[in-house]
Amino acid sequence: MRLRLDLAYDGTDFHGWAAQPGLRTVEGELTEALTRVMRLPEPARVTVAGRTDAGVHARGQVVHLDLDPADLDRARGRSDRTPLAALETRLRGVLPGDVVVRSAAEAPEGFDARFSATSRRYRYLVADDPATLDPLRRREVVGLRAPLDVEAMNAATRHLLGLRNFAAFCKKREGATTTRTLLRYDWRRREDGVLEAVVLADAFCHSMVRALIGALVPVGAGERGVEWPEQVLTEGVRDPRVKVMPAHGLCLMEVSYPPAEQLAARAEEARARREE
């Protein structure tokens, strides 16, 4: 059977999602907890919707794992709860405080946490006024000294939308495509004065979101024109003038999936595109 787990985490004290020898990672904590709770003979193996970098947070991360129903049943112990309910409760009991499993459910046929996803939505928070800085939120809000012009930034983001090659905003990985569909990118000033950027795409390549944020900050500060981010994108190479913004301002908010009957087809389509 295949399980879907929805989870959230504070990425501050992690070296990113992916397991690394000798380093604390979200995947490492989760797989250790799964292995322990279900008393698996081998370490659990999970597939994640999107690997987050060191310091990046998540409120809507999704993973799947395959296992024998007997393995899940062991999570009940002596409890009279259902195996899934017992798994949720026991995972919350053994995981550290900066990782929370929100739900565990049997996945529909054809579901793949990574390849069935149709979009990922990220949020980035910036305080551009010292009066809006909150020390209690220092782990998720990036402070800047220069005030930013939201209208100018939104004028620039409109020219980045659509199916494009985002090589200029990605750390190149051998054999990996940098073509993505940017579905939404906009900024707004919240009631508390903090600036919030929402970035939505079918998928993201390494460091893409933080580089897209970094390309718009100079526009908002009046250091670059609204046409500059699109010029960087068109040139197709990393521009040293684009600053990759700090990780702690970034949070994966949601991963979206199609209806159950379309999950397998979506996964097949996405795999083929990644292999191009």
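Tutor: Buried means under 20% relative accessible area. The model discussed here is predicted.

Student: Why is tyrosine 122 called buried?

Tutor: Tyrosine 122 has a relative accessible area of 9%. The cut-off for buried is under 20%, so tyrosine 122 counts as buried.

Student: What makes phenylalanine 204 buried?

Tutor: Its relative accessibility is 17%. That value also falls under 20%, and therefore phenylalanine 204 counts as buried.

Student: Why is arginine 90 called partly exposed?

Tutor: Partly exposed lies between the limits of under 20% for buried and over 50% for exposed. Arginine 90 stands at 32% relative accessibility, so partly exposed is the class. Arginine 90 is in helix α3, residues 83-94, and belongs to a positive surface patch with Arg36, Arg39 and Arg81.

Student: How many aromatic pairs are there?

Tutor: The count is 4 aromatic pairs. One of them joins tyrosine 9 and tryptophan 17.

Student: Why is the pair of tyrosine 9 and tryptophan 17 called tilted?

Tutor: Ring centres must lie within 6.5 Å to pair; planes under 30 degrees apart are stacked, over 60 edge-to-face, and the rest tilted. Here the centres are 6.2 Å apart and the planes meet at 35 degrees, so the pair is tilted. Tyrosine 9 and tryptophan 17 are both buried.

Student: What makes the pair of tyrosine 122 and phenylalanine 204 edge-to-face?

Tutor: Their ring centres are 5.3 Å apart and the planes are at 90 degrees, so the pair is edge-to-face. This pair links distant parts of the chain, 82 residues apart: tyrosine 122 is in strand β5 (residues 119-127), and phenylalanine 204 is in the loop between β9 (195-201) and α5 (208-220).

Key. Residues numbered from 1 in each chain as written. Predicted model: local features only at pLDDT ≥ 70, side-chain atom pairs only at ≥ 80, totals over all residues. Heavy atoms only, no water. Patch = residues over 30% accessible without salt bridge, like charges linked within 9 Å, V, L, I, M, F, W, Y side chains within 5 Å. Areas by Shrake-Rupley, 256 points an atom, 1.4 Å probe, with all protein chains shown as cover. Salt bridge = Lys/Arg side-chain N within 4 Å of Asp/Glu carboxyl O. Lys, Arg positive; Asp, Glu negative; His and termini not counted. Charge placed at Lys NZ, Arg CZ, Asp CG, Glu CD. Helix = DSSP H or I, 4+ residues; strand = E, 2+ residues; numbered from the N terminus. Buried < 20%, exposed > 50% of the residue type's maximum accessible area, 1.4 Å probe, protein only. Phe/Tyr/Trp six-rings, centres within 6.5 Å; stacked < 30°, edge-to-face > 60°.
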